[in-house]
Amino acid sequence: MKDYLRISGKTAIVTGAGRGIGRGIALELASYGVKVMIADIHDENGNHVKREILEAGGQAEYCHCDICKVEDVRHLAAYTAETWERVDILVNNAGGGEAPCNFFDITDERWDHYVRFNLYGAFYMIREVFPYMKAQKSGKIVNISSGYAIGGGDFCAHYASAKAGLIGLTTSIAKEAAPYGINVNVIPVPTTDTPGLRETDYEQVADEIPLIPLGRIAVPEDVANTVLFLVSSASDYVTGQIVAPNGGKRMLV
C-alpha cells in the first residue's frame, strides 16, 4: 500500500505541547511514526504527554523551554539535533491570550508580553532551527496563528495583532526558505475545545456555533490533522500559505 504522507522516522519539535492543541499535534505526529520533541514551560504537563506517546509505542523526548527566552530556544534546537541528529519539522504552537480586554485598558507591559509570547517566540524558534534545516536542505515549519488574525477579535487587540504578525512572518520566511527545500505555512486556528477555552470563555461557544457551517467548534484533532498534512511529503508543493480549518466560518479566497 502506498504511503501518502511519507512521514515516519522524521523528527519534530512541537512547542506548547503539554496540553490542548499542542498535545493533540504531538500525539498525532507520534502516531504516524514521527519522533517528537515535546517542548513546554510546564514540566509536569510535558512529561505526561511524553509518557502518553511512549506508552502508545511512539518515540518522544521532553525539553523544558520558555519560548520568550533565547537561551531556552537555542538549547531546545541543539538538544533535538543532538538527540536525533536532525530537525525535520517545527510546529510553533506555543502562544495564547487572556480574558477579553478593552483596547484602552491594554498597558505597555501587557502589549509587550503578548506580542513576545505569540510572535517573538516563533521568530526565535525559526531562527535557531533554520540552520539545521538549511544544512540538510529540507524542513517543514508550521506556525499556529488565530482566526482573529484574519477577521479581528473583540477585546483582544494585542493577541490579534501578534497573531497577524505571525502570518506576515510566515509568508516572508517562506520566500527566503524555499531555495533550501524548506516549506513554511501557517494555520489560523478557530475556536477549539481545549482546557484553556474551558477555563476562560467556554460559555460563549454556544453563540458561535450558528455561525459555523459545519455546526460545531473545532477539536484539537482538527488542527492536528491539518498540521499532519503540512509537515508531510503530501504538501511538498505548498509553502507560504494560510491553511484554515475553521468549519467554513471564514472562507478565504
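**Reading salt bridges, sheet order and a cavity**

Modeller: In this predicted model, a salt bridge joins the side chains of glutamate 52 and arginine 23, at 2.7 Å from N to O. These partners link distant parts of the chain, since glutamate 52 belongs to helix H2 (residues 43-55) and arginine 23 to helix H1 (residues 20-31), 29 residues apart.

Colleague: How is the surroundings of such a pair to be read: is glutamate 52 buried, partly exposed or exposed?

Modeller: The general idea is to compare the relative accessible area with two cut-offs: under 20% is buried, over 50% is exposed, and values in between are partly exposed. Glutamate 52, at 22%, is therefore partly exposed. Arginine 23 has 30% relative accessibility and so also counts as partly exposed.

Colleague: How many salt bridges does the structure hold?

Modeller: There are six salt bridges. Among them is the one between arginine 86 and aspartate 88, whose closest N and O atoms are 3.0 Å apart. Here arginine 86 is partly exposed, with a relative accessible area of 32%, whereas aspartate 88 is buried, at 5%.

Colleague: Which side chain meets that of aspartate 236 in a salt bridge?

Modeller: The partner is lysine 140, at 3.0 Å from N to O. Because aspartate 236 lies in the segment after helix H9 (220-230) and lysine 140 in strand S5, this pair ties together parts that are 96 residues apart in sequence. Aspartate 236 is partly exposed at 45% relative accessibility, while lysine 140 is buried at 8%. Elsewhere, Arg74, Arg127 and Glu128 are joined into one network by salt bridges that share partners.

Colleague: Lysine 140 leads to strand S5. In what order do the six strands of the open sheet stand?

Modeller: The general idea is that strands of a sheet pair through backbone hydrogen bonds, in a parallel or an antiparallel sense. In this structure the order is S3-S2-S1-S4-S5-S6, with parallel pairing. Strand S3 (59-64) and S6 are the edge strands, each pairing on one side only. From one strand to the next, the twist averages 15°.

Colleague: Over how many bridges do S4 and S5 pair?

Modeller: Strand S4 (residues 89-92) pairs with S5 in the parallel sense over four bridges. Within this pairing, valine 91 stands opposite valine 142 in S5. Strand S5 (residues 139-146) also pairs with S6 in the parallel sense, over eight bridges. There, isoleucine 144 stands opposite isoleucine 187 in S6.

Colleague: S6 is an edge strand. Is S6 mostly covered or mostly uncovered?

Modeller: Strand S6 (residues 182-189) is mostly covered, with eight of its eight residues buried. The two faces can be read from the side chains: Ile182, Val184, Val186 and Pro188 point one way, and Asn183, Asn185, Ile187 and Val189 point the other way. Residues on both faces are buried.

Colleague: Which residues line the largest cavity?

Modeller: A search of the whole structure finds one cavity of 30 Å³ or more, and the volume of the largest cavity is about 30 Å³. Pro188 is one of its lining residues, together with Gly147, Ile150, Ala244, Asn246 and Arg250.

Colleague: How is the character of that lining to be summarised by class?

Modeller: The lining residues of the largest cavity are sorted into three nonpolar, two polar and one charged. In this count glycine is classed as polar.

Note on methods: Residues numbered from 1 in each chain as written. Predicted model: local features only at pLDDT ≥ 70, side-chain atom pairs only at ≥ 80, totals over all residues. Heavy atoms only, no water. Buried < 20%, exposed > 50% of the residue type's maximum accessible area, 1.4 Å probe, protein only. Pairing = 2+ DSSP bridges. 1 Å grid on protein atoms, 1.4 Å probe; cavity = no way out; pocket = protein on both sides within 12 Å on 5 of 7 lines; lining within 4 Å. Points joined across faces, edges and corners; volume = space filled by probe spheres on them. Salt bridge = Lys/Arg side-chain N within 4 Å of Asp/Glu carboxyl O. Axes fitted to C-alpha atoms, helices over the stretch in contact; angles between N-to-C directions.
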